[in-house]
Amino acid sequence: MTDYCGPELERKYCQISDQIELGADATISGYASLFGVADQGGDVVLKGAYAKSLQQLEASKGTVKLLWQHDPAQPIGVWDEVREDDTGLFVKGRLLTETQKGREAAALIEAGAIDGLSIGYRTVKADRDAKGRRQLAELELWEVSLVTFPMLPQARVGAKAHTPETDVAQTMADVFRTMRQSLAET
C-alpha cells in the first residue's frame, strides 16, 4: 500500500440515497460515499477508510463541514451525524434556512434540481488494483457538500414532483453523467 498525503483536497461525488426527502425542518440524510463501488473516475473507497479520521475529529471535538459546491466560504448547514456502517459513509444533518444559501439549497432539493453529495478529503493511504483503479484505504475527511453533478450514480434522492423545469434539469444532468462516463472509459 502506498502512503501519501498531498496538499490539495480531493473530491468524490455521490448522489443522495433513494427515498431521501428534505424534512420539514430542512433535515437531509444519506450516504456521501459507498464502500466497494467504483465511481466514474475509477476510484473505490474501502470499508474503514474514514474510521481514523472520524475518531480524530471526535477526539478533537472537530466537525465535518456542510458546504455548498465545495466552497469553504459558503457553509449551508451542519452535519449532526457522520458515521461509517457496512454500506458506506452515512451523513445526517440540517440545512440552515436562516442563511440565503441554506434556503436556496432547500428549495433546489425540494424541486429535484440538486440531488448530489460530494466529499472533500485528503488521501492518506491508497493502492492500485490490477485494473489500475485506486483503492482508497484511509481518507482524512474534511467536508461533505451538496453538489449539482455527483460522481457515484448508484444513489439518488427520493422522487420529487416533476415540473417542466426539473425535467429539463434532470435531462441535462443525465447527459453530463453519460458524457463523464464515456470520457472515463477512454
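Is Lys125 buried, exposed or partly exposed? At 30% relative accessibility, Lys125 counts as partly exposed. I open with this residue, colleagues, and shall come back to its salt bridge. Please bear in mind throughout that the model before you is a predicted one.

Let me begin with strand 9, which spans residues 134–147. Strand 9 is mostly covered, with 12 of its 14 residues buried. Three pairings of this strand deserve attention.

With strand 8, residues 116–128, strand 9 runs antiparallel, and 12 bridges join the two. One of the facing positions is Thr123, whose bridge partner in strand 9 is Leu139. Strand 8 and strand 9 form a hairpin with five residues between them. In the turn, Gly132 has a positive phi of about 85 degrees.

With strand 5, strand 9 pairs in the parallel sense over four bridges. Here Trp68 stands opposite Leu146 of strand 9.

With strand 4, the direction is again parallel, and two bridges make the connection. Val44 stands opposite Gln135 in strand 9.

I now return to Lys125. Which residue is its salt-bridge partner? The partner is Glu138, and the closest N and O atoms are 3.8 Å apart. Lys125 lies in strand 8 and Glu138 in strand 9, so the pair ties together parts that are 13 residues apart in sequence. As for exposure, Glu138 stands at 14% relative accessibility and therefore counts as buried, while Lys125, at 30%, is partly exposed.

Further salt bridges call for comment. How many are there in the structure by the rule applied here? The count comes to eight. One of them joins Lys47 to Asp86, with the closest N and O atoms 2.6 Å apart. Lys47 sits in the loop between strand 4 and helix 1, and Asp86 in the loop between strand 6 and strand 7, so this pair ties together parts that are 39 residues apart in sequence. Lys47 and Asp86 are both exposed.

Another salt bridge brings together the side chains of Arg83 and Asp85, at 3.3 Å from N to O. Arg83 has a relative accessible area of 32%, so Arg83 is partly exposed. Salt bridges that share partners join Glu81, Arg83 and Asp85 into one network.

Let me turn to helix 1, residues 51–59. Which of its residues are buried? They are Ser53, Leu54 and Leu57. Why do they share a side of the helix? These residues cover an arc of only 95 degrees around the axis, which puts them on the same side of helix 1. The face turned away from that buried side carries the exposed residues Gln55, Glu58 and Ala59.

What covers the buried residues of helix 1? The cover includes strand 6, strand 7 and strand 9. Beyond the end of the helix, Lys61 follows with a positive phi, near 60 degrees.

This leads to the nonpolar interior. In soluble globular proteins, nonpolar side chains tend to be buried together. In this model, the largest nonpolar core has 30 residues. Those with the most contacts inside it are Tyr50, Trp79, Leu95, Ile119, Leu141, Val144 and Leu146. The elements that give two or more residues to this core are strand 3, helix 1, strand 5, strand 6, strand 7, helix 2, strand 8 and strand 9. Which element gives the most? Strand 9 does, with five residues. Leu146, already mentioned as standing opposite Trp68, is one of the core residues with the most contacts.

Finally, a word on aromatic rings. The structure holds two aromatic pairs. In one of them, Tyr31 and Phe90 meet edge-to-face, at 5.5 Å centre to centre and with 70 degrees between the planes. Tyr31 lies in strand 3 and Phe90 in strand 7, so the pair ties together parts that are 59 residues apart in sequence. Tyr31, at 16% relative accessibility, counts as buried. Phe90, at 13%, likewise counts as buried.

To close, I would draw your attention once more to strand 9. This strand pairs with strand 8 in the antiparallel sense, and with strand 5 and strand 4 in the parallel sense. Strand 9 is part of what covers the buried residues of helix 1, and gives the most residues to the largest nonpolar core. Thank you for your attention.

How values were computed:
Residues numbered from 1 in each chain as written. Predicted model: local features only at pLDDT ≥ 70, side-chain atom pairs only at ≥ 80, totals over all residues. Heavy atoms only, no water. Buried < 20%, exposed > 50% of the residue type's maximum accessible area, 1.4 Å probe, protein only. Arc of directions from axis to C-beta. Contact = heavy atoms within 4.5 Å. Salt bridge = Lys/Arg side-chain N within 4 Å of Asp/Glu carboxyl O. Core = buried A, V, L, I, M, F, W, Y, C linked by side-chain atoms within 4.5 Å. Pairing = 2+ DSSP bridges. Phe/Tyr/Trp six-rings, centres within 6.5 Å; stacked < 30°, edge-to-face > 60°.
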